[in-house]
Amino acid sequence: MSENTLHASTDRAHGSRNSRRLRTAGNIPGVVYGEGVSPLPVSVDAKSFRTAVSGDQGLNSLIDLDADGQKFVVMAREIQRHPVRGTVSHIDFQVVDPHKPVVAVVPLHMIGDAVEVRHADWEVDQQLFNLEILSRPDLIPTHIEVDISDLKPGSAIRVADLVLPEGVAPAGDTDISVVNTHAGRAAKAVEVKP
């Protein structure tokens with residue numbers, strides 16, 4: 001996982017009026033927090049932030065944050081957006097230890113073809129699109145593949161069934177369904193016939 005350097009200013013004034021001025025000038029207000037760190041208000045350049053999280057890792061990217069000489073290794077955690085424009089209006093940066101596990105959210109990608117399900121006129125229904133994992137920051141995958149090739153009508157794939165990379169574990173309930181199957185219209189019509 002590549003680390004990006006992001007420069008932050010710590011001299012931002014508090015209050016919504018000052019935050020609006022920052023956003024108008026192309027900056028994003030934020031806060032740095034974490035174990036052993038007092039909450040530190042900062043502001044970062046919007047373009048530099050977009051560049052820092054535009055790689056394959058996205059918001060799971062490790063960022064070297066230089067806050068006026070104070071150096072932190074952080075991940076962008078809570079991102080607030082403008083309700084209409086969708087622009088980033090506030091960022092919470094969490095200080096992390098690159099050698100300790102963190103909780104991250106990773107997208108799930110379905111691969112393969114559920115031939116038996118399709119031939120029985122059943123349908124595949126993806127229930128979970130992202131998975132919360134526990135992993136060291138350098139081991140966080142860009143996505144996790146869910147192979148549906150062996151699915152059969154009436155079966156499901158649960159979090160516990162997923163093949164996760166080494167050093168990655170599910171952070172939540174492993175009994176949650178990722179993919180279910182259910183009868184399609186044609187299969188239901190056949191069931192209804194006397």
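Start the tour at the second largest pocket, which has a volume of about 170 Å³. Keep in mind as you click along that this is a predicted model.

**Stop 1: the second largest pocket**

Select Gly-34, Glu-35, Gln-94, Val-95, Val-96, Asp-97, Lys-100, Pro-101 and Val-102, and you have the lining of this pocket on screen. Colour the selection by class and you should find four nonpolar, two polar and three charged residues. Two of the lining residues, Lys-100 and Pro-101, are worth keeping highlighted, since they turn up again at the next stop.

**Stop 2: Ser-135**

Now pick Ser-135, in strand 9 (residues 130–135). Is Ser-135 buried or exposed? Its relative accessible area is 1%, under the 20% limit, so Ser-135 is buried. Show what surrounds Ser-135: leaving aside neighbours within four places in sequence, the contacts are Lys-100, Pro-101, Val-102, Ile-140, Gly-167 and Val-168. Among them, Lys-100, Pro-101 and Val-102 also belong to the lining of the second largest pocket.

**Stop 3: the hairpin of strands 2 and 3**

Go back to Gly-34 from the first stop, and you will see Val-37 of strand 3 standing opposite. Strand 2 (27–34) and strand 3 (residues 37–45) pair in the antiparallel sense, with seven bridges between them. Two residues sit between the strands of this hairpin. Which of its residues takes a positive phi? Select Gly-36, where phi is near 80 degrees.

**Stop 4: Val-42**

Stay in strand 3 and move to Val-42. With a relative accessibility of 0%, Val-42 counts as buried. Which residues does Val-42 touch? Not counting residues up to four places away in sequence, they are Ala-8, Ser-9, Thr-10, Arg-12, Ile-28, Pro-29, Gly-30, Val-31, Val-32, Ala-67 and Phe-93. If you like a distance label, draw one from the C-alpha of Val-42 to that of Pro-141: it should read 29 Å, for two residues 99 places apart along the chain.

**Stop 5: an aromatic pair**

One of the contacts of Val-42 is Phe-93, and that residue leads to the next view. How many aromatic pairs does the model have? The count comes to one. Select Phe-49 and Phe-93: the ring centres are 6.1 Å apart and the planes stand at 80 degrees, so the pair is edge-to-face. The angle decides the label here, because planes over 60 degrees apart count as edge-to-face. The two partners come from distant parts of the chain, with Phe-49 in helix 2 (residues 46–52) and Phe-93 in strand 6 (residues 88–95), 44 residues apart. Both Phe-49 and Phe-93 are buried.

**Stop 6: the largest pocket**

Helix 2 and strand 6 stay useful, so leave them coloured, and turn to the largest pocket, with a volume of about 260 Å³. Its lining has 15 residues, and those nearest its centre are Arg-23, Ile-28, Ala-46, Thr-87 and Val-88. Which elements give two or more residues to this lining? They are helix 1 (16–24), strand 2, helix 2 and strand 6. Helix 2 supplies the largest share, three residues. By class, the lining holds four nonpolar, seven polar and four charged residues. Notice Ile-28 in that central group, as it is also one of the contacts of Val-42.

**Stop 7: two aspartates with positive phi**

Select Asp-68, in the loop between strand 4 (62–67) and strand 5 (70–81). Phi of Asp-68 is near 50 degrees, a positive value in a residue other than glycine. At 48% relative accessibility, Asp-68 counts as partly exposed.

Then jump to Asp-121, in the loop between helix 3 (115–119) and strand 8 (122–126). Here phi is also positive, near 60 degrees. Asp-121 is partly exposed, at 41% relative accessibility.

**Stop 8: strand 13**

Step on to Trp-122, and look across to Ala-183 in strand 13, which stands opposite. Strand 8 and strand 13 run antiparallel and are joined by five bridges. Next, find Arg-158, which stands opposite Ser-177 in strand 13. Strand 11 (residues 156–158) also runs antiparallel to strand 13, with three bridges. How many residues of strand 13 (residues 177–183) are buried? Five of its seven are, which leaves the strand mostly covered.

Methods
Residues are numbered from 1 along each chain as its sequence is written. This is a predicted model: local features need pLDDT of at least 70, side-chain atom pairs count only at pLDDT 80 or more; totals for chains, interfaces and linings use all residues. Side-chain values use heavy atoms; hydrogens and water are left out. Rings of Phe, Tyr and Trp (its six-membered ring) pair if their centres lie within 6.5 Å; planes under 30 degrees apart count as stacked, over 60 as edge-to-face and the rest as tilted. Helices (H or I, at least four residues) and strands (E, at least two) are DSSP runs, numbered from the N terminus. Buried means under 20% relative accessible area, exposed over 50%, partly exposed in between (1.4 Å probe, protein chains only). On a 1 Å grid over the protein atoms alone, a cavity is a set of points where a 1.4 Å probe fits but cannot get out, and a pocket is an open set with protein on both sides within 12 Å along at least five of seven lines; lining residues have an atom within 4 Å of a point. Grid points are joined across faces, edges and corners, and a volume is the space filled by probe spheres set on the points. Ala, Val, Leu, Ile, Met, Phe, Trp, Tyr, Cys and Pro count as nonpolar, Asp, Glu, Lys and Arg as charged, and the others, Gly among them, as polar. Contact means heavy atoms within 4.5 Å. Two strands pair if DSSP finds at least two bridges between them.
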